[in-house]
Amino acid sequence: EPLLKINLVLSIHHVPFLPAFLCKVTTEEEFAVLEGGSLTIPCHYEPQYASYVKYWCRGRTRDFCTSLARTDDHHLVDPAEKKVSIFDDPVQQVFTVTMKDLKEGESGWHMCGVEIGGVWEADDTAFTNVKVIHGMSAVNPRMSGAEGSAVTIECLYRSEKKWCRSGDWRSCLSTGSDGSYEDSSVAIRDDRTGAFTVTFKKLQLKDTAWYWCSAGQQKTAVHLLVTPQPTTVPPVSGQSFPDLPPAKPITRETWSSHSPMLASVVVCSSVIFLAVVAILAIKFWRLHKSDRVPRDVEEMRAKFSGCSREAGDFQNAAVLFLNKDSQDVHVY
């Protein structure tokens with residue numbers, strides 16, 4: 001039973017015609033490009049594969065697929081000089097492969113792959129058939145424009161025309177019998193000389209994606225990048241603020257309007273200062289008066305101590321104050 005499961009996995013892995021819902025990596029089944037031209041192929045993958053290694057190889061099976069480009073190839077080579085280059089965009093969950101200067105002998109089956117790395121788990125892949133013929137190409141496979149502006153994509157063809165968003169064939173817009181299509185956002189024009197143009201009238205950020213020019217069974221990919229509209233800040237000098245009152249200059253008149261209030265503050269401060277001084281003066285005067293009584297008593301003690309107790313009996317002595325001012329003491 002385990003052997004049967006292994007054989008079943010290998011068999012499914014080697015079949016290039018599996019339905020899209022069985023694969024986690026998807027791309028178109030067929031691409032056509034003019035000989036000598038370039039071809040860009042988008043390969044969509046699931047969000048869980050954002051950090052995985054992606055690769056592009058040539059062959060009908062994984063075991064016999066010749067590697068042409070890998071995202072982990074870090075050789076210092078300018079991608080513009082490579083014949084086959086690969087670029088991964090984890091934000092849009094798509095990696096793109098660009099093949100340049102294609103020759104008719106390079107036609108055949110190719111494969112988009114996500115390297116899982118497990119021993120018992122096969123890589124997730126998607127096969128596509130590349131046809132290098134005379135028929136269908138885009139003049140410029142990569143376009144860009146600012147948000148809100150217009151951009152025109154020119155596709156060369158030899159059959160019926162369609163314009164589709166990659167990964168959603170329900171979005172396809174087809175030209176009518178007169179070779180044109182137009183709505184509020186997109187216009188398609190056919191000049192009947194081998195080219196038709198697709199014009200986005202007013203670009204939006206959500207228009208950034210991969211698209212298809214389709215003519216019959218032949219398709220070519222075009223990437224459109226919409227950049228944010230640059231913001232401009234108007235000069236401050238030109239702005240007016242009607243809600244704000246004009247500033248009043250500091251003049252002698254405006255200063256004098258505050259003079260009454262300033263005078264009242266000065267008067268109140270002076271009164272408080274004088275009251276504090278008066279209170280302090282009274283306290284110092286009372287303190288000085290209380291100190292004189294002990295001083296007079298000490299002087300009286302000194303005079304009494306100068307007299308001997310033998311000179312007489314102080315019990316019958318009399319103290320006589322001659323006058324109030326001098327306060328001299330005489331003992332009789």
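A salt bridge here is a side-chain nitrogen of Lys or Arg within 4 Å of a carboxyl oxygen of Asp or Glu. With that in hand, let us walk through this predicted model, starting with its charged pairs.

Arg170 and Asp168 make a good opening example: their side chains meet in a salt bridge, with N and O 3.4 Å apart. The two partners can be told apart by their surroundings. Arg170 is exposed, at 79% relative accessibility, while Asp168 is partly exposed at 26%.

By the rule above, the model holds 10 salt bridges. Another of them joins Glu30 to Lys131, where the closest N and O atoms are 3.2 Å apart. Glu30 belongs to strand S2 (residues 30–34) and Lys131 to strand S9 (residues 124–133), so this pair ties together parts that are 101 residues apart in sequence. Lys131 itself is partly exposed, with a relative accessible area of 33%.

Next, have a look at Asp72 and Arg70, whose side chains form a salt bridge at 2.9 Å from N to O. Asp72 is partly exposed, with a relative accessible area of 34%, and Arg70 is partly exposed too, at 24%. These two residues also take part in a network of salt bridges that links Arg70, Asp72 and Glu115.

From charged side chains we can turn to a strand in the interior. Strand S18 covers residues 209–215, and 7 of its 7 residues are buried, so S18 is largely enclosed by the rest of the structure. Ala209, Tyr211, Cys213 and Ala215 point one way from the strand, whereas Trp210, Trp212 and Ser214 point the other way, and all are buried.

Which strands pair with S18? Strand S13 (residues 161–165) runs antiparallel to S18 and is joined to it by 5 bridges, and strand S19 (residues 218–227), also antiparallel, is joined to S18 by 7. In the pairing with S13, Cys164 has Trp212 as its bridge partner. In the pairing with S19, Ala215 stands opposite Gln218.

Our last stop is Thr199, in strand S17 (residues 195–200). Is this residue buried or partly exposed? At a relative accessible area of 22%, Thr199 is partly exposed, because buried would mean under 20%. Beyond its neighbours within four places in sequence, Thr199 is in contact with Val151, Thr152, Ser185, Val186 and Ala187. Thr152 deserves a second glance: it sits 47 residues from Thr199 along the chain, yet their C-alpha atoms are separated by 4.3 Å. The side chains of Thr199 and Thr152 also make a polar contact, at 3.1 Å.

Conventions
Residues are numbered from 1 along each chain as its sequence is written. This is a predicted model: local features need pLDDT of at least 70, side-chain atom pairs count only at pLDDT 80 or more; totals for chains, interfaces and linings use all residues. Side-chain values use heavy atoms; hydrogens and water are left out. Helices (H or I, at least four residues) and strands (E, at least two) are DSSP runs, numbered from the N terminus. Buried means under 20% relative accessible area, exposed over 50%, partly exposed in between (1.4 Å probe, protein chains only). Contact means heavy atoms within 4.5 Å. A polar contact is a pair of N or O atoms within 3.5 Å; within protein, one must be able to donate a hydrogen and the other to accept it, and residues adjacent in sequence count only if both atoms are side-chain atoms. Two strands pair if DSSP finds at least two bridges between them.
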